[in-house]
Amino acid sequence: MCNQQAFRRPHLAPEVPVKPPTLDLYMPATPPLALLAKADFWLKIMWRRHHFRRLFVPLLEEEDLILSDIGLNRTDIEWALELPLRVDALKALEACRKARGIHDKAAAEGSQYGTGEKRCGQSGPPRRIHAEH
């Protein structure tokens with residue numbers, strides 16, 4: 001039986017486009033600045049999400065032990081991939097990673113075993129991955 005509380009992922013506010021500057025003098029040939037600002041905003045968001053997918057989708061093929069070594073969790077990556085476009089997935093994953101670290105640290109300090117274990121059911125020395133030569 002596990003005595004840890006369920007982890008709740010942080011909620012991040014979506015980003016909004018920056019308002020274009022208002023010009024003091026309007027010229028008939030002035031391009032629609034609001035339209036250009038929105039197009040720039042969405043292009044940056046699409047590029048950022050493409051970049052995130054390119055970096056993190058291959059990590060889903062790795063083992064859970066490797067993901068935990070770099071401080072990630074498979075469910076967190078899948079959650080970040082499904083976030084709306086206006087939410088920066090990389091910032092959300094970093095916030096989730098920090099919150100999980102704080103959550104795990106608090107759970108380890110309040111552990112009934114008193115050994116600082118981070119996960120329920122883990123006992124004894126950590127297992128070895130590589131054989132000694």
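These questions and answers look at one helix pair and at salt bridges in a predicted model. Residues are numbered from 1 along each chain as its sequence is written, and side-chain values use heavy atoms, with hydrogens and water left out. Because the model is predicted, local features need pLDDT of at least 70 and side-chain atom pairs count only at pLDDT 80 or more, while totals for chains, interfaces and linings use all residues.

Trainee: How are helix H1 and helix H3 oriented, roughly parallel or roughly antiparallel?
Mentor: Helices are DSSP runs of H or I with at least four residues, numbered from the N terminus, and axes are lines fitted to C-alpha atoms over the stretch in contact, with angles from 0 to 180 degrees between N-to-C directions. The axes of H1 (residues 33–56) and H3 (residues 74–81) come within 11 Å and cross at roughly 155 degrees. Angles under 35 degrees count as roughly parallel, over 145 as roughly antiparallel, 65 to 115 as roughly perpendicular and the rest as oblique, so H1 and H3 are roughly antiparallel.

Trainee: Is lysine 44, which shares a salt bridge with aspartate 40, buried or exposed?
Mentor: A salt bridge places a side-chain nitrogen of Lys or Arg within 4 Å of a carboxyl oxygen of Asp or Glu, and here the N to O distance is 3.4 Å. Buried means under 20% relative accessible area, exposed over 50% and partly exposed in between, with a 1.4 Å probe and protein chains only. Aspartate 40, at 39%, is therefore partly exposed, whereas lysine 44, at 53%, is exposed.

Notes. Helices (H or I, at least four residues) and strands (E, at least two) are DSSP runs, numbered from the N terminus.
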